[in-house]
Amino acid sequence: MTTSGLHISNVTKYYTEGSNKISALERVSISVEPGELVAVVGPSGSGKSTFLSIAGALLKASEGEVNLNGHLLSKLSDKKLSNVRLKEIGFIMQSSNLVPYLNVLDQLLVVKKMSGRVRAADRAFAVQLLEELGLGSKLKSFPAELSGGEKQRTAIARALINNPNVILADEPTASLDTKRAHEVVSLIANEVKSRRKAAIMVTHDERMLEYCDKVYRMEDGRLSLAEPAKLEVTHV
Ligand SMILES: Nc1ncnc2c1ncn2[C@@H]1O[C@H](COP(=O)(O)OP(=O)(O)OP(=O)(O)O)[C@@H](O)[C@H]1O
């Protein structure tokens, strides 16, 4: 039976700088089930980017294991890892990173093209996702014609187009005002619930924690479940 969701066990990551060994993560463990949105908060330099890169198969753990929807990442070749990244993971980054010369619909279809042919059903799914995210009237608009919130919503739809099992979001509200930030994170939460994705969001933004099922805190490379009463979010 395939293990669904994202399961990270005892992951340690060392960086070497000359003769120095820097420990960025220490025996980090977390399980995220389908339909769950968890937040990771913590001060700058605590290891959040390293953690998200390892969860997203962009960086290898020094020790420990990542099980991503049944794939044990330490056992995969680089080619298989890039396939896992393309098919199993949707990334939402701080800035939407849209291609300036593609319209909103094509931003999604170009991702589909990278993993094969674009079928009529793919186009229909892309339109459905964009409609769900309130972009039904913007299919032919170019990034320069969109607001910050619309760009980020396009990035959410793009993260979902390959129907990945895991969503990883890195400070998705960094460039948004309060209203747009709420809109974007509540849409991420809705998609995670309705499409049963296992999702992790790294955030400095305290206002967004209400949308999350669990909040973890990263401190000096160690990850722990935050008690709501003790939660302190560090702003940078
Ligand atoms: N490529 C690298 N080589 C050496 N040390 C690194 C490298 N990347 C990160 N580090 C170190 O690992 C630790 C964790 O860094 P990381 O970027 O994961 O933290 P972060 O919580 O994401 O910080 P921020 O919120 O500022 O992005 C820090 O001490 C950092 O200096």
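Two residues are in contact if their C-beta atoms, placed from the backbone, lie within 7 Å. The views below show a predicted model.

**Figure 1. Overall fold of the protein chain, with 6 helices and 10 strands.**
The C-alpha atoms fill a box of roughly 50 × 40 × 40 Å along the principal axes. For 236 residues, a compact globule would have a radius of gyration near 18 Å, and the 18 Å of the protein chain agrees with this. Buried residues are 39% of the 236. Of the contacts in the protein chain with a separation of 6 or more, 71% join residues 24 or more positions apart.

**Figure 2. The largest nonpolar core and the surroundings of A199.**
This core has 61 residues, and those with the most contacts inside it are V40, A55, I156, A157, A199 and I200. Helix α6 gives the most to the core, with 6 residues. In soluble globular proteins, nonpolar side chains tend to be buried together. Once the neighbours within four places in sequence are left aside, A199 is in contact with V32, E36, L37, I167, A169, I188 and V192. Two of these partners, I188 and V192, are also among the buried residues of α6.

**Figure 3. Helix α6 (residues 178-194) and its buried side.**
The 17 residues of α6, at 1.5 Å a residue, should span 24 Å, and the end C-alpha atoms are indeed 24 Å apart. The buried residues of the helix are A181, V184, V185, L187, I188, E191 and V192. Because they cover an arc of only 155 degrees around the axis, they are on the same side of α6. On the other side, T178, K179 and S194 are exposed. The elements against which the buried residues of α6 pack are β3 (37-41), α5 (148-160), β7 (166-170) and β8 (198-202). After the helix comes R196, with a positive phi near 55 degrees.

**Figure 4. The loop between β7 and α6 at D177.**
D177 lies in this loop. With 12 other C-beta atoms within 10 Å, D177 is exposed. Its C-alpha atom is separated by 8.9 Å from that of G148, and the two residues are 29 residues apart along the chain.

**Figure 5. Helix α4 (residues 120-132) and its two faces.**
At 1.5 Å a residue, a span of 18 Å is expected for the 13 residues of α4, in agreement with the 18 Å between its end C-alpha atoms. A126, L129 and L130 are the buried residues of this helix. Seen down the axis, they fall within an arc of 95 degrees and so line one face of α4. The face turned away from this buried side carries the exposed residues A120, A121, A124 and Q128. Packing of the buried residues is against α3 (104-114) and α5. Just after α4, G134 has a positive phi of about 75 degrees.

**Figure 6. The shell of residues around the ligand.**
The ligand is surrounded by Y15, E17, I22, A24, G42, S44, G45, S46, G47, K48, S49 and T50. Two or more residues of the shell come from each of β1 (6-17), β2 (20-32) and α1 (48-55). Helix α1 gives the most, with 3 residues.

**Figure 7. Positive phi at R27 and N163.**
Most residues other than glycine have a negative phi. R27, which is not a glycine, has a positive phi near 45 degrees. The place of R27 is in strand β2. R27 counts as partly exposed because 13 C-beta neighbours are inside 10 Å, and the buried class starts at 20 or more. N163 is also not a glycine, and its phi is positive, about 50 degrees. N163 is in the loop between α5 and β7. This residue is exposed, with 12 other C-beta atoms within 10 Å, where exposed stands for 12 or fewer.

Key: Residues are numbered from 1 along each chain as its sequence is written. This is a predicted model: local features need pLDDT of at least 70, side-chain atom pairs count only at pLDDT 80 or more; totals for chains, interfaces and linings use all residues. Helices (H or I, at least four residues) and strands (E, at least two) are DSSP runs, numbered from the N terminus. The expected span of a helix is 1.5 Å times one less than its number of residues. The arc is that of the directions from the helix axis to the C-beta atoms. The radius of gyration is taken over C-alpha atoms; the globule rule is 2.2 Å times the number of residues to the power 0.38. A nonpolar core is a set of buried Ala, Val, Leu, Ile, Met, Phe, Trp, Tyr and Cys residues joined through C-beta atoms within 7 Å. A residue is near a molecule or strand if its C-beta atom, placed from the backbone, lies within 6 Å of it.
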